[in-house]
Amino acid sequence: MDYFIRPLTQEDEPFLWQMLYEAAHLVEEGNLTVQDAKNNPDLAKYVENWGCKDDSGFVAILESSNLTI
């Protein structure tokens with residue numbers, strides 16, 4: 001599998017919300033959505049305003065499909 005790793009940017013915020021939704025297992029709670037994660041202050045603090053000066057993170061992307069993994 002060929003992939004590359006790059007730093008996260010402010011443009012990656014939608015991806016971060018989706019990953020937070022998955023990590024919090026909200027799908028197991030029923031009909032909760034990514035928007036529910038955004039509305040939950042205990043969760044939202046991890047992604048809200050992503051991209052500030054001291055934020056850092058990385059994302060892996062499959063080269064063959066340009067999919068984020």
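**Loops, core and surface of a predicted model**

Asn 49 lies in the loop between H3 and E2. The model described here is a predicted one. In this model, Asn 49 has a positive phi near 60°, although the residue is not a glycine. Asn 49 is also exposed, with a relative accessible area of 56%. A second residue with a positive phi is His 25, where the angle is about 55°. His 25 is not a glycine either. The place of His 25 is the loop between H1 and H2. His 25 counts as partly exposed, at 42% relative accessibility. As background, most residues other than glycine have a negative phi.

The overall layout comes next. The protein chain contains 3 helices and 2 strands. Read along the sequence, these elements follow the pattern β-α-α-α-β. Strand E1 covers residues 3-7. Helix H1 covers 13-23, helix H2 covers 34-39 and helix H3 covers 41-44. Strand E2 covers 58-62. The C-alpha trace spans about 35 × 30 × 15 Å along its principal axes. The chain has 69 residues, and 26% of them count as buried. Its accessible surface comes to about 5100 Å². Carbon and sulfur atoms account for 51% of that surface. Contacts across the sequence were also examined. Among contacts between residues at least 6 apart in sequence, 58% join residues at least 24 apart.

Which residues touch the most other members of the largest nonpolar core? They are Leu 8, Leu 16, Trp 17, Leu 20, Leu 26, Leu 43 and Val 47, out of 14 residues in this core. H1, H2, H3 and E2 each supply at least two residues of the core. The largest share, 4 residues, comes from H1. A general tendency applies here. In soluble globular proteins, nonpolar side chains tend to be buried together.

Leu 26 gives a view of the core from one of its members. Residues up to four places away in sequence are left out of the count. Leu 26 then touches Tyr 21, Leu 32, Thr 33, Ala 37 and Leu 43.

Ala 44 sits in helix H3. Is this residue buried or exposed? Ala 44 is buried, because its relative accessible area is 3% and the cut-off for buried is under 20%. Residues up to four places away in sequence are again not counted. On that basis, Ala 44 touches Trp 17, Ala 37 and Lys 38. Ala 37 is thus listed among the contacts of Leu 26 and among those of Ala 44. Phe 15 lies 29 residues from Ala 44 along the chain. The C-alpha atoms of Ala 44 and Phe 15 are separated by 13 Å.

Nonpolar residues also appear on the surface. Met 1, Tyr 3, Ile 5 and Phe 58 form a nonpolar patch there. Together they have about 540 Å² of accessible area. Phe 58 belongs to strand E2. Phe 58 is exposed, because its relative accessible area is 61% and the cut-off for exposed is over 50%. Strand E2 thus holds a residue of the surface patch and also supplies at least two residues of the core.

Charged pairs complete the picture. How many salt bridges does a search of the whole structure find? The search finds 2. In one of them, the side chains of Asp 12 and Arg 6 meet, with N and O 2.8 Å apart. Asp 12 lies in the loop between strand E1 and H1. Asp 12 counts as buried, at 9% relative accessibility. Arg 6 is partly exposed, with a relative accessible area of 24%. Leaving out residues up to four places away in sequence, Asp 12 touches Arg 6 and Pro 7.

Another salt bridge joins Asp 54 and Lys 53. Their closest N and O atoms are 3.7 Å apart. Asp 54 is exposed, with a relative accessible area of 66%. Lys 53 counts as exposed too, at 80% relative accessibility. Burial therefore separates the acidic partners: Asp 12, at 9%, falls under the 20% cut-off, whereas Asp 54, at 66%, is over the 50% cut-off.

Terms used: Residues are numbered from 1 along each chain as its sequence is written. This is a predicted model: local features need pLDDT of at least 70, side-chain atom pairs count only at pLDDT 80 or more; totals for chains, interfaces and linings use all residues. Side-chain values use heavy atoms; hydrogens and water are left out. A nonpolar core is a set of buried Ala, Val, Leu, Ile, Met, Phe, Trp, Tyr and Cys residues joined through side-chain atoms within 4.5 Å. Buried means under 20% relative accessible area, exposed over 50%, partly exposed in between (1.4 Å probe, protein chains only). Contact means heavy atoms within 4.5 Å. Patches are made of residues with over 30% relative accessible area and no salt bridge: like charges are joined within 9 Å, nonpolar side chains (Val, Leu, Ile, Met, Phe, Trp, Tyr) within 5 Å. Accessible areas come from the Shrake-Rupley method with a 1.4 Å probe; for residues, only the protein chains shown count as cover. A salt bridge is a side-chain nitrogen of Lys or Arg within 4 Å of a carboxyl oxygen of Asp or Glu.
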